[in-house]
Amino acid sequence: MTLNIILLGPPGAGKGTQASRLEDECGMIQLSTGDMLRAAVKADTPIGVQAKAVMDAGELVSDEIVSGLIGERLDALGGTTSVIFDGYPRTAAQADALDGILAARGRKLDHVIELVVEEDALVDRITGRFSCAKCGEGYHDRYKLPKVADVCDVCGSTEFKRRPDDNEETVRTRMAEYRAKTAPILPIYEARGIVSQVDGMAPIDQVNGAIESILDSSAG
Ligand code: ADP
Ligand code: ADP
Ligand code: ZN
């Protein structure tokens, strides 16, 4: 069965961490507009050049750009691949665009999983975040250190990186953007009866278990 799910939550809620677990354990594919945009910035493409300053400021990149990226990426996947939207949609216009993008490809949204977190914890999560420079595996200075110090659990690399926008000042802007533009799209999905809430303050394994039981409930 092909699943299409959204992981929704503020910056640092654990969307990327959970999407990566679902990739490993359920064979789903993560579609992260943040990752796509960072790749575009690194490759210095026209989209990257346009997005860089906006991302550094913690503001939102245009709806057209991100919805375009999502459509392209879906087309590159097989029609039966299950996908996790991570960090998209972030505005009502993107939610609307996603409906059209999915319908045009014979897909429909199965679940919107809201990671519910306390705002006070987010700055701590984001300022402690780092990732493997080679494979992208995500870590945290206190909550998820590599099993062997300074060696990536997944690929063995010893190089790690931090995001330039993961500083306290930008995080505040990103949280404000979430409250103003992203949280208001939840009622659209609630009206369709597809929203499930998960306690994002629980340990990573427990959050993963809660998400997988929601997905299992629709597997039958
Ligand atoms: P986080 O995981 O911390 O929420 P992301 O990696 O999803 O952050 O996004 C990083 C930045 O990329 C955002 O602050 C924003 O500038 C841009 N971005 C990512 N996804 C979107 C989107 N769907 N719409 C607009 N801007 C986006
Ligand atoms: P998002 O993609 O929503 O911005 P991430 O998945 O990158 O968030 O998580 C932000 C940081 O918090 C990372 O350093 C990650 O290791 C850590 N983290 C994620 N989930 C949890 C959790 N349930 N408990 C503690 N730390 C977590
Ligand atoms: Zn690695």
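Mentor: Axes are lines fitted to C-alpha atoms, for helices over the stretch in contact, and angles run from 0 to 180 degrees between N-to-C directions. This is a predicted model, in which local features need pLDDT of at least 70, side-chain atom pairs count only at pLDDT 80 or more, and totals for chains, interfaces and linings use all residues. Residues are numbered from 1 along each chain as its sequence is written, chains are lettered from A and ligands numbered from 1 in the order in which they are written, and side-chain values use heavy atoms, with hydrogens and water left out.

Trainee: At what angle do helix α4 and helix α5 pack?

Mentor: Helices are DSSP runs (H or I, at least four residues), numbered from the N terminus. The pair is α4, residues 63-75, and α5, residues 92-104, with axes 10 Å apart. Angles under 35 degrees count as roughly parallel, and α4 and α5 are therefore roughly parallel to each other. Their packing angle is about 25°.

Trainee: Which helix supplies the largest share of the shell around ligand 2?

Mentor: A residue is near the ligand if one of its heavy atoms lies within 4 Å of it. Both α1 (15-26) and the strand β6 (138-140; a strand is a DSSP run of E, at least two residues) supply at least two shell residues each. The largest share, three residues, comes from α1.

Trainee: Which residue has a backbone N or O atom 2.8 Å from a nitrogen atom of ligand 2?

Mentor: A polar contact is a pair of N or O atoms within 3.5 Å. In the side chain of Lys15, an N or O atom is 2.8 Å from an oxygen atom of ligand 2. For the ligand nitrogen, the backbone partner at 2.8 Å belongs to Ala202.

Notes: Polar contact = N/O pair within 3.5 Å; in protein donor to acceptor, adjacent residues only side chain to side chain. Parallel < 35°, antiparallel > 145°, perpendicular 65-115°, else oblique.
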